[in-house]
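Please open the model in your viewer and keep the sequence panel visible beside it. The stops below say what to select next and what is to be found there.

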Amino acid sequence: MVFRFLRRFLKEEVDEQTRLRIKFDHFRRLLENNTQALEIMADMEEKLSGDFLFDTVYLQNQVERLGDNVSRLVTELNLLTENRYPELRSICQAIQEDLGRELITTPAIPPTPFVLPLSALTREMASSVGAKMANLGELGNRLHLRVPEGFAVTASAYKRFLEASDLEGELAKRLAQAPIDDLESLEAISREIQTLVRQAPLPPDLDAALKEAGKAFEGRPLAVRSSAVGEDTEFSFAGQFATLLNVDVGDLPTHYKEIVASKFTSRAIFYWKYQHFSVEELPMAAGCLAMVPARASGVMFSLDPHAPESNTVLISAVWGLGKYAVDGAITPDLYRVSREPGQEITEQRVAEKPVALVSRPEGGTEEVVLDPDKARSPCLSPDQIQQLAAIALKLEKHFGHPQDIEWALDDSGAIFLLQSRPLRVSAPSFAAEERESTWEPVPPLLRFGIRAAGGAAAGRVFLYLRDEDVANIPPGAVVVARQPAAKLVLVMDRIAAILTEVGSPTDHMSILAREFRVPTLVEVGGATRVLHTGQVVTVDADAARVYPGLVPELLEHRPRPDEDLRSNPIFQKLGRILKKATPLNLLDPESPEFEASRCRTFHDITRFAHEKSMDAMFALDVDQSLRPGACSRLRTDLPLNLFILNLGGGLKVPGQSWVTEDDILSRPFRALLRGFHHPQVTWAGQVAPDLRGFISVFANTMYDLGKSEKGLGGKSFAVITDNYLNFNSRLGYHFAILDAYISEEKNDNYISFQFKGGAAGVERRERRARLLSEILDYLGFKVQVTGDMVRARMVKYSLLETEQTLELVGLLSAFARQLDLALSSEAVMARCFQAFKDEDYNLSFLRPEQRAT
């Protein structure tokens, strides 16, 4: 513990010193729990930016840690104050229970039979059979559109399977160990889990139900598809779970387990963890459908998501089964149809489709080569194109949102619908008026392709030629491939852009790229020949251009915010938890309403406890638990309202009510004060009046201009010995903690420093945090930054080096205070860093009006 060196001062048989030691121990533990609680809240708030991965396990762990820290804080406060605030225990417990209710993630699986016929399904039954099958039932039963015959294996069946096989606990245990940023480990865990699922026996009642349902399809091949609860909602899970085509109904139990196992492929685990789902939130239902003898198949979007302003329906088509359309294995025909009355066909792009996927008589599928005439002929007639467009618009109207629809055309020309799910629509990074169509910053390397996901990005090219290469794709890469691959979902959280030589904006990879907001071009013929690994390029997916090098004009335009993120269930849950945990209602310590019974959040409790613990330790006129003379107040021209607790050897004359800086003997404290008094540092007065009311999250301290003593910030305190300093300062809206020990024994020396707060907006506070991080790193500290909180530590430096660094930390604290409102840009931040290195501590390059006042 950092107080080992204090033991020699606490061995005296003096009641006062013993009592001080006990109180100080409680105080320090309270501060430690307060700091940890606030760090947890800051980390959770940072996750709301949308730039970080987290899942339900993260929320559960953070809420538990937060509750534990606040509970211990309450215990220490009551030990410090002789149980003055007992009501805080029940308040803390009530908040913890409320947050616990928010964390309940396991969806209620309705009690249904293990099998339900498609003819009985509607979209309201998504919690029982998954949205894929529920929507398919809706199309047939309410809209009276043609769908295959079939049935659903319900979520209740999935629950029964896991419980009867004792898989539930084992799967949860292994999945908790699945790191989505370590693809090799993820693959290994995925293989283990899938093997467990395939080897587990079905319970007899479920096995019998599947065989009974299959009797109606004897002699007819089936398509068995995933229909997880949560799939095909706001999150597509496109291509992540299995579809088995042209399989024998006699092996239905085995096929069903294969669908369940597909929930645990490495790419599926990555996807649902990245999208913040927990395993409990995705019960795996399945759909069993009669195979459609498809002459042609494809996908259609009721609104072209790549150009919504064009107001067109987009249809893709291939010969044979639709797997090649959704996988992007070949270039499909593309048709665009106006959504206006009359549904004019505005574009027909007929591709050469040299092969088709077809059903084999003995089961399964095979690829066949088409004769050249058929390969070059359109899959659809104008009448069929318009029929499909009309269906797409009908579905959009019914569901109230643009739809992504899979369809098949049989030999008689009948259209079967196989799936309908919500479609994510994105706008181009550039609005139409922002850029002329002929604008080109430099001659492009490639000037063609079809936009699958809009935006602009730059990075080094990585040629992705084999599936096993996925683990080698570096962060920030522009992935260039011959054809689309849904497996790229494993790296979509960290790559810059995707280019494929074939493919379609309607394939699975393109759908996933839009969800991950990765700029993507398909149909970029020759891309793998023109581009080479390591080459730096800029991809403009909106204009279908690839430029050499970096093009800053394009990279300045970031994609417009994706509002669909706000519908993410775990993201929403985090928001609800933070609303119950972090709002600060206790603002003014001088208010009669600043009392324990009015704490409504964990933040309120930390704020209240911190304030009252300081009163207990340092406010002698309020709390008589410390005998007069044990605590002193510093008389100084610095803007500090500072109380000093001397535990031995820190002051020339102990026990005085007021001391000056000349009375201080504590070596680390004197070094810190020298930094505060550096001749180039200007200690500005009070913070800007228009910022009155801003709350320092870390300090939980209101700086009330009308009530504070003139020239002073909130209360600060120092606990000192001759070689030790614990300094907690409030300067306006800033809060800093410094803990340091210096001696001749190099291995015992350390400095721990934390800083948070400011009167500026979040962006400038976080910019200052990054600046402090760079400076502290420059000074030799190991630094961590979370939001606007900076934590730094230096250990095992010599006495002289540690003392000199403490002086620089004091200087840095004053230096940072001057930057409250000045860091208007990254360029200003860079100049401030250079100024510190150049010892220009008064920031002479800044205009006077840029500084905090």
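Begin this tour of a predicted model by selecting L59, Q60, V63, E64, G67, V70, S71, V74, L77 and N78 in α2, which meet L88, R89, C92, Q96, L99 and L103 in α3. Coloured by residue class, the residues of this contact between α2 and α3 divide into nine nonpolar, five polar and two charged. If you draw the two helix axes, you will find that those of α2 and α3 come within 10 Å and cross at roughly 175°. Because angles over 145 degrees count as roughly antiparallel, α2 and α3 are described as roughly antiparallel to each other.

**From the α2–α3 loop to α18**

Stay with these helices and select Y85, which sits in the loop between α2 (56-80) and α3 (87-103), and then add F608 in helix α18 (residues 602-618). What is the geometry of the rings of Y85 and F608? Their centres are 5.0 Å apart and their planes stand at 90°, so the pair is edge-to-face. The pair links distant parts of the chain, since Y85 and F608 are 523 residues apart, and both Y85 and F608 are buried. Adding F594 to the selection completes one aromatic cluster, formed by Y85, F594 and F608. For the wider setting, a search of the whole structure finds nine aromatic pairs.

Next, keep the cluster on display and select K612, which also lies in helix α18. Is K612 buried or exposed? With a relative accessible area of 17%, K612 is buried, the cut-off for that class being under 20%. Leaving aside neighbours within four places in sequence, K612 is in contact with L77, Y85 and F594. Of these contacts, L77 belongs to the α2 residues that meet α3, while Y85 and F594 are members of the aromatic cluster with F608.

**Two perpendicular helix pairs**

Now move to helix α4 (residues 126-141) and helix α13 (residues 382-399), whose axes come within 12 Å and cross at roughly 110°. That angle makes α4 roughly perpendicular to α13, and the crossing of α4 and α13 is right-handed. To see the contact itself, show the side chains of N135, E138 and L139 in α4, which meet L395, H398 and F399 in α13. The residues of this contact of α4 with α13 divide into three nonpolar, two polar and one charged.

The second pair to select is helix α8 (residues 204-214) with helix α9 (residues 252-261), which pack at an angle of about 110°, with their axes 9 Å apart. Here too the angle makes one helix, α8, roughly perpendicular to its partner, α9, and α8 passes α9 in a right-handed crossing. The contact is made by L206, D207, L210 and K211 of α8 and by L252, P253 and Y256 of α9. Those residues of the contact of α8 with α9 divide into five nonpolar, no polar and two charged.

**Backbone points to inspect**

Turn from helix packing to the backbone, and select N246, which is found in strand β5 (residues 243-247). N246 has a positive phi of about 55° although it is not a glycine, and at 6% relative accessibility N246 counts as buried.

Then select E523, in the loop between β19 (520-522) and α15 (527-530). E523 also has a positive phi, of about 60°, although it is not a glycine; at 21% relative accessibility, E523 counts as partly exposed.

**R670 in α19**

For the last local stop, select R670 in helix α19 (residues 667-676), which counts as partly exposed at 36% relative accessibility. Not counting residues up to four places away in sequence, R670 touches E661, D662, I664 and L665. A distance label drawn between the C-alpha atoms of R670 and L725 should read 9.7 Å, although R670 and L725 are 55 residues apart along the chain.

**Zooming out**

Finally, clear the selections and display the whole protein chain, whose secondary structure comes to 22 helices and 32 strands. Of its 853 residues, 59% count as buried. Among contacts in the protein chain between residues at least 6 apart in sequence, 67% join residues at least 24 apart.

Terms used. Residues are numbered from 1 along each chain as its sequence is written. This is a predicted model: local features need pLDDT of at least 70, side-chain atom pairs count only at pLDDT 80 or more; totals for chains, interfaces and linings use all residues. Side-chain values use heavy atoms; hydrogens and water are left out. Axes are lines fitted to C-alpha atoms, for helices over the stretch in contact, and angles run from 0 to 180 degrees between N-to-C directions. Helices (H or I, at least four residues) and strands (E, at least two) are DSSP runs, numbered from the N terminus. Angles under 35 degrees count as roughly parallel, over 145 as roughly antiparallel, 65 to 115 as roughly perpendicular and the rest as oblique. A crossing is left-handed if the near helix is turned anticlockwise from the far one by less than a right angle, and right-handed if clockwise. Contact means heavy atoms within 4.5 Å. Ala, Val, Leu, Ile, Met, Phe, Trp, Tyr, Cys and Pro count as nonpolar, Asp, Glu, Lys and Arg as charged, and the others, Gly among them, as polar. Rings of Phe, Tyr and Trp (its six-membered ring) pair if their centres lie within 6.5 Å; planes under 30 degrees apart count as stacked, over 60 as edge-to-face and the rest as tilted. Buried means under 20% relative accessible area, exposed over 50%, partly exposed in between (1.4 Å probe, protein chains only).
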